[in-house]
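Work through the exercises below with the model open beside you. Each task is followed by a solution in steps.

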Amino acid sequence: MARIQLENVKKSFGKVQALNGINIDVKDKEFFVLFGPAGAGKTTILNCIAGINLPEEGMVRFNGEVVNLVDPAHRNVAMVFENYALYPQMTVYDNMAAALRSNLYKTDEETIKEKVHAAARMMKMENLLERLPSQLSNGQKQRVAMGRALVRTPNVFLMDEPLAHLDAKLRNAMRTELKEMQANLGSTCIYVTHDFMEAMALGDRIAIINKGEIVQIGSGDEIYYMPCNEFVAQLMGDPQINILPGEIKESGKGYEFCFQANGQKLAVPMPEEKALFQNIRRAGLKETDMGLRPQNVKYSFTPKEGYFKTTVYSYESIGNKSVIMADCGDYQLRMIAPNGLKIQIDQEIYVSLEVDHSMFFDPQTKEYVSRYDEESIRAFAVEQEVR
Amino acid sequence: MNNGKKRLGYAVQNLLLIIYAVFALFPLIWMFIISLKSDTQVFTTTFVFTPTLSNYKEVLLRSDYVSYMIDSLIISGGAVIVSVIVGVPAAYALARYNFHRKEDLAFQILSFKFAPEILVVLPLFMIYQKLGLYDSYLGLIWVYQLISMPLLIWVVRGYFEDISVEIEYAAQVDGYTWYQIFFKMLVPLIKPGLVSAALLAFIFAWNSFTFPLILAGREIQPITVAITKYLGTDTAHYGQLAVAATVSAVPAMIFALCIQKHLVRGLSFGAVKG
C-alpha cells in the first residue's frame with residue numbers, strides 16, 4: 001500500500017519518445033486509471049513503475065522514497081500483463097503460487113494454498129487450477145494472470161488491460177468485483193484501459209494520456225463534463241461527442257450561436273448565463289467549436305419550431321439504444337434514439353440542439369474555454385474528490 | 001469395393017515404405033553382416049556364410065579399441081559440454097539484447113560451419129604446434145567448437161526468441177533474481193531445443209575425422225581415426241573394420257533413444273508458443 005509518484009518521467013526507445021515528462025501522484029489506496037488511445041505510452045508508464053523500464057529522466061517514488069535504482073523484484077509490485085505472461089511449463093496453481101514461492105516473498109505452502117484458492121474463487125476458475133496455460137482460452141488466461149497478482153499484498157497493483165479479453169458478461173461482473181475488492185484490500189491500483197466505460201466505472205481518478213504526455217487528470221465526471229480539449233472530449237463518451245464549428249454573435253441583449261448545415265446558415269439563441277458569457281468574452285472568442293453530447297441532440301421526423309432539416313446518414317443499434325447520424329454537409333451529427341425505429345437512409349430528419357448543455361472550445365488551439373453550468377459541475381467534482 | 005481399394009492403397013503405401021527402409025538401412029545391415037564374417041568369407045559369400053565372433057574378439061579384446069572409444073567420448077562429450085555452457089548464454093544474448101552489429105556476429109558464428117575443415121586445418125596445425133595444443137584433449141575440444149557451437153547457438157536462439165519477454169518481466173516482478181529466472185523459467189522452456197541440438201552436435205563431433213586426423217594421432221586417437229588402423233598396409237581386415245564401425249555407432253544410438261521424446265519435439269520448432 002503506497003503512494004506512487006512520477007516526476008517528470010521521460011523514456012524513449014531509440015528515436016521514439018515514449019514518455020515525455022509524465023507527472024502523476026497516485027494517492028495511497030486510490031484506484032487510478034490510465035486512459036488513452038493505442039500507443040499513447042500507458043504500458044510504458046506501468047513498466048516504469050514496475051522497474052521493467054528505467055526512465056532516462058525523472059523520479060519514481062514509492063511513499064516518497066526514490067526507487068529508480070530498485071530492481072523490479074524488490075519494489076513489491078504485482079503486475080497483470082496484457083499478454084498474460086503466464087509460465088507455460090507450470091500449472092495454473094503453480095503460476096499463481098510462483099510469487100509466494102520466490103525467496104523474496106516466501107510463504108508456507110499452507111498459506112499459499114489458501115490464498116490461491118481464494119483468488120481462484122474470486123476469478124471463478126477453481127476448476128482450472130490443474131491445467132497448463134496452453135489448455136486455457138484467452139479469457140481464462142487473463143483470469144489466471146489476474147489471480148497471480150491478487151494472491152499478493154503488494155505496494156501497488158499494476159493492471160494492463162486485465163479485462164480486455166473477457167466476454168462482455170464476465171467483464172461486467174469482474175468490473176464490479178474488482179472495484180469492491182480494491183476497496184476491501186485497501187490497495188493502490190493503477191489500471192490501464194482503452195475502454196471508456198471501464199475507466200469511468202473504476203477510476204477514482206483518470207489520467208488521459210496521449211503521445212507520451214498527460215493531457216488531463218481528474219475524476220470521471222470532471223473529465224466527461226469538462227474535458228480540457230477536443231481530443232479528450234472525443235475520447236470520453238460513446239457515441240462520440242459532436243463538434244460543431246460556428247460563431248458566437250451578439251444579438252440584442254444575448255448571444256446566438258451561428259453555424260452551417262448543408263449550406264444553410266442557422267442561428268440558435270444561447271440561453272443567458274453570466275459566467276459563461278464572461279468567460280467567452282474574456283477569451284475573446286468569436287469563432288468557436290461547440291461540443292454537444294449525442295444525448296443533447298433532439299430529433300423529429302416532422303417539421304417543428306426550432307428544428308432544422310437534414311437527412312439521415314446512418315442508423316445503427318449499439319445494444320439498448322441506437323445512434324442516428326445526420327448528414328450536415330461538412331460534418332455529421334450523432335444523436336441517441338430508441339431501437340426499432342423504421343428509418344430509411346437519406347430520409348428527412350429535423351434536428352434541434354440543446355445549447356444549454358454545450359461546451360465551447362477554441363477552434364485554433366482546440367482547448368476548452370467554458371461550458372454551461374460550469375460552476376455546479378466544478379463544485380460536484382470537488383465534492384467527489386473529498387469523498 | 002471401396003474398402004478393397006483402400007486396403008490396396010495401404011498395401012502399396014507400406015510396400016513403398018518398406019522398400020525405402022531397406023534401401024536406407026542396407027549399408028548398416030551390410031556392415032553388420034560383414035562384421036560376422038571371417039576374412040576369407042568376406043570376398044566369397046554374400047548372405048550365406050558361417051557367422052563368427054572372431055572379429056569382435058580381435059577388435060574389442062586384443063586391440064586398444066576401448067581406449068579409442070574413451071578418447072572419442074571425452075573429446076565429443078567435452079566439446080558438447082563446453083558448447084552448452086558457452087552457447088546457451090550466447091544464444092540468450094543474441095535473442096534478447098540489442099547491440100551493435102548483432103546480426104553480423106550471429107552470422108559470423110554460423111559461418112564457421114561453412115568453411116571446409118580441410119581449409120582451416122593446416123594453419124591450425126601450425127598454431128597448435130606452437131601453442132602446445134597438438135595432440136591434447138583441450139586442443140581437440142577447442143577445435144570441435146567449430147562444429148558444435150554454431151548449431152547449438154542457432155537452435156537455442158530460436159527457442160529464446162519464441163519465449164515472450166514478458167514472462168521474464170513477470171518473474172522479476174514475482175521476486176525472482178536473474179539466475180533463478182534463467183534456470184527456473186527459461187531453461188525448462190528451451191530444454192527440447194537444447195537437448196536435440198546437443199545430441200546433433202555430439203553426433204557431428206563424434207563423426208569428425210579431419211580435425212583429429214591432423215591435430216592429434218599419437219597420444220589421443222578418437223575412434224574415427226583409429227578405425228583406419230584396421231586397414232593395414234598389406235591387408236585390409238574388412239571384418240574388423242566393420243566391427244569397429246558398428247560398435248562406434250552404438251553410443252549415439254543409445255543417446256538418441258534416451259532422449260527420443262525431446263528429439264521429436266525439439267526439432268519441430270515453436271513448441272513454446274504461449
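Two strands count as paired if DSSP finds at least two bridges between them. The model is predicted.

**Exercise 1. The six-stranded sheet**

Find the strand order of the open sheet in chain A, and name its edge strands.

Solution.
- Step 1. Trace the pairings in chain A: six strands line up as 13-12-11-14-20-21, in an open, antiparallel sheet.
- Step 2. Look for strands that pair on one side only: these are strand 13 (264-270) and strand 21 (368-371) of chain A.
- Step 3. Follow the twist, which averages 35° from one strand to the next.
- Step 4. Check one pairing. Strand 11 (residues 242-251) and strand 14 (residues 287-292) of chain A are joined in the antiparallel sense by six bridges. Within this pair, A:Ile243 stands opposite A:Gly291 of strand 14.
- Step 5. Add the helix. Helix 10 (residues 274-283) of chain A packs on the sheet and touches strand 11, strand 12 (254-261), strand 20 (359-361) and strand 21 of chain A. The direction of helix 10 makes about 155° with that of strand 21 of chain A.

**Exercise 2. Partners of strand 16**

How many bridges link strand 16 of chain A to strand 17 of chain A, and how many link strand 16 to strand 19 of chain A?

Solution.
- Step 1. Take strand 17 (residues 322-327) of chain A: its antiparallel pairing with strand 16 runs over six bridges. A:Ser314 has A:Met325 in strand 17 as its bridge partner.
- Step 2. Inspect the hairpin of strands 16 and 17 of chain A. Four residues lie between the strands, and A:Gly319 takes a positive phi near 105°.
- Step 3. Turn to strand 19 (residues 348-353) of chain A. With strand 16 (residues 308-317) of chain A, strand 19 forms four bridges, again antiparallel. Here A:Phe308 faces A:Val351 in strand 19.

**Exercise 3. Two domains in chain A**

Describe the contact between domain 1 and domain 2 of chain A.

Solution.
- Step 1. Set the bounds: domain 1 of chain A covers 4-235 and domain 2 covers 242-386.
- Step 2. Place the domains: their C-alpha centres are 37 Å apart.
- Step 3. Count the contact: domain 1 of chain A gives 12 residues and domain 2 of chain A gives 14 residues.
- Step 4. Find the contributors. Helix 8 (220-225) and helix 9 (230-235) of chain A each supply at least two residues of the domain 1 side.
- Step 5. Sort the domain 1 side by type: six nonpolar, three polar and three charged residues.

**Exercise 4. Where the chains meet**

Which elements of chain A supply at least two residues each to the side that touches chain B?

Solution.
- Step 1. Count both sides: 20 residues come from chain A and 16 residues from chain B.
- Step 2. Assign the chain A side. Helix 2 (72-75), strand 6 (77-80) and helix 3 (92-101) of chain A each supply at least two residues.
- Step 3. Rank them: strand 6 of chain A has the largest share, three residues.
- Step 4. Classify the chain A side: 17 nonpolar, three polar and no charged residues.

**Exercise 5. Buried or exposed?**

Is B:Leu60 buried, exposed or partly exposed?

Solution.
- Step 1. Locate B:Leu60 in helix 3 of chain B.
- Step 2. Apply the cut-off: a buried residue needs 20 or more other C-beta atoms within 10 Å.
- Step 3. Because B:Leu60 has 15 C-beta neighbours inside 10 Å, B:Leu60 counts as partly exposed.
- Step 4. For contrast, take helix 1 (residues 42-50) of chain A: nine of its nine residues are buried.

Methods
Residues are numbered from 1 along each chain as its sequence is written. Chains are lettered from A and ligands numbered from 1 in the order in which they are written. This is a predicted model: local features need pLDDT of at least 70, side-chain atom pairs count only at pLDDT 80 or more; totals for chains, interfaces and linings use all residues. Two residues are in contact if their C-beta atoms, placed from the backbone, lie within 7 Å. Ala, Val, Leu, Ile, Met, Phe, Trp, Tyr, Cys and Pro count as nonpolar, Asp, Glu, Lys and Arg as charged, and the others, Gly among them, as polar. A residue is buried if 20 or more other C-beta atoms lie within 10 Å of its own, exposed if 12 or fewer, and partly exposed in between; C-beta atoms are placed from the backbone. Domain bounds come from an automatic or database domain assignment. Axes are lines fitted to C-alpha atoms, for helices over the stretch in contact, and angles run from 0 to 180 degrees between N-to-C directions.
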